[in-house]
Amino acid sequence: MNILLCGNEKVFDGALTELISITNKTKEPVNCFIFTMDLSRVKPEYIAIKDEQIEFLNEVVKSKNQENSVRKMNVTEIYEKEFGYCKNENAYCTPYTLLRLLADLIPEIPEKILYLDIDMMAGDDISKLYNTDISEYEYAAVKEKYGSWFLYPDYINAGMLLLNMKKIKETKLLEKARDLIKNKKMLFADQDAVYHATTKKLLLPRIYNEQARFNKKDTVICHFCKRLLLIPYPRIENFKQWQIKEVHSVLRCHAFDADLEEYIKLKKQYEDKIDKITEKCEEKFL
């Protein structure tokens, strides 16, 4: 199964938790691509994911199955050519949300790939999703929980996109989406661009991108995205899976406790490993 994630060095916790949850629940090999870039010209913290982070993620997934892999793809040059200084570079999310729109320009990307936002967890074997037949569609997605009420009845949440790259290249979906990003300011940039550029999509049940309820037993992909609550007072909550205290106390979610316990241990291993490398470097220059 081919998976696409996107982000900078700050998505490490999301990638680690997400990949743990995925590889813990499937026997099929997982081949993960991570699109990243250096965009420090926009913000100093927009630094590409580190090689040592990728190396550790690769070690973790291979410990589950030797056929698993994590691969870093630095797309800075392509991003700058396509989106540098564009109208949506400072949209509601970071510019890293635009990286998925470059997938058709990367020769190594296979004909079928599952894009996932970094704030998602697998509640079940994702092969149930991945093996969906999309041969006649550009992609499969789930309706957006708010957008399908207030914008369009078939408006999608682009946090999960099962992509048919062969069909996408035929219809030029991502090319059209990039043109929209470059030339028209949009409220939900990447998501709006994908929606408006679509020729034919397959809408899937909410279990493949659950955006509101975090403890449902049939959930395959759980999305820790923003949610609007009206009771006891109107507010927006936005807690991610690696914010374990809030996941437990506020979201009252315990569905991923085994995965998150493993994450805590592995994160400590990673930090210890980096500390040792830092100490050796310091000793070398003393």
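**Exercise 1. Classify C6 by accessibility and decide whether C6 takes part in a disulfide.**

Solution. C6 has a relative accessible area of 8%, and buried means under 20%, so C6 is buried. This value, like those below, comes from a predicted model. Next, take the closest cysteine sulfur, which belongs to C32 and lies 9.5 Å from the sulfur of C6. A disulfide requires two cysteine sulfur atoms within 2.5 Å, so the distance to C32 is too far for a bond.

**Exercise 2. Do the same for C93, then give the count of disulfides.**

Solution. For C93, the nearest cysteine sulfur is that of C225, 10 Å away, and C93 is in no disulfide. The relative accessibility of C93 is 32%, so this residue counts as partly exposed. By the 2.5 Å rule, the count of disulfides comes to zero.

**Exercise 3. Place R100 and describe its surroundings.**

Solution.
- Step one, location: R100 sits in the loop between α3 (76–83) and β4 (112–116).
- Step two, accessibility: R100 counts as buried because its relative accessibility is 4%.
- Step three, polar partners: the R100 side chain reaches the backbone oxygen of T97 at 2.9 Å. That side chain also makes a polar contact with the side chain of Y115, at 3.4 Å.
- Step four, contacts: leaving aside residues up to four places away in sequence, R100 touches L4, C6, Y115, D117, A158, G159, L161, L174 and D190.

**Exercise 4. Find the strands that pair with β4 and state the sense of each pairing.**

Solution. Start with β1 (residues 2–6): this strand and β4 pair in the parallel sense over two bridges. Here L4 stands opposite Y115 of β4. Then take β7, which runs antiparallel to β4 and is joined to β4 by five bridges. One of the residues to locate is L114, whose bridge partner in β7 is L162. As for cover, four of the five residues of β4 are buried, and the strand is mostly covered.

**Exercise 5. Determine how far helix α8 is covered, and by which elements.**

Solution. Helix α8 spans residues 189–197, and eight of its nine residues are buried. The buried ones are A189, D190, Q191, D192, A193, V194, Y195 and A197. The elements covering them include the strands β6 (139–143), β7 (156–164) and β8 (201–203), together with helix α7 (173–183). D190, one of the buried residues of α8, is also among the contacts of R100.

**Exercise 6. Describe the packing of α1 against α2.**

Solution. The axes of α1 (residues 12–23) and α2 (residues 51–64) come within 10 Å and cross at roughly 10°. Angles under 35 degrees count as roughly parallel, so α1 is roughly parallel to α2. On the α1 side, the residues that meet α2 are F12, A15, L16, L19, I20 and T23. Their counterparts in α2 are Q53, F56, L57, V60, V61 and K64.

**Exercise 7. Examine Y85 and K172 for backbone phi, location and accessibility.**

Solution. Y85 is not a glycine, yet its phi is positive, near 65°. Y85 lies in the loop between α3 and β4, and at 66% relative accessibility this residue counts as exposed. K172, also other than glycine, has a positive phi of about 60°. The place of K172 is the loop between α6 (165–171) and α7. With 43% relative accessibility, K172 counts as partly exposed.

Methods:
Residues are numbered from 1 along each chain as its sequence is written. This is a predicted model: local features need pLDDT of at least 70, side-chain atom pairs count only at pLDDT 80 or more; totals for chains, interfaces and linings use all residues. Side-chain values use heavy atoms; hydrogens and water are left out. Buried means under 20% relative accessible area, exposed over 50%, partly exposed in between (1.4 Å probe, protein chains only). Contact means heavy atoms within 4.5 Å. A polar contact is a pair of N or O atoms within 3.5 Å; within protein, one must be able to donate a hydrogen and the other to accept it, and residues adjacent in sequence count only if both atoms are side-chain atoms. Two strands pair if DSSP finds at least two bridges between them. Axes are lines fitted to C-alpha atoms, for helices over the stretch in contact, and angles run from 0 to 180 degrees between N-to-C directions. Angles under 35 degrees count as roughly parallel, over 145 as roughly antiparallel, 65 to 115 as roughly perpendicular and the rest as oblique.
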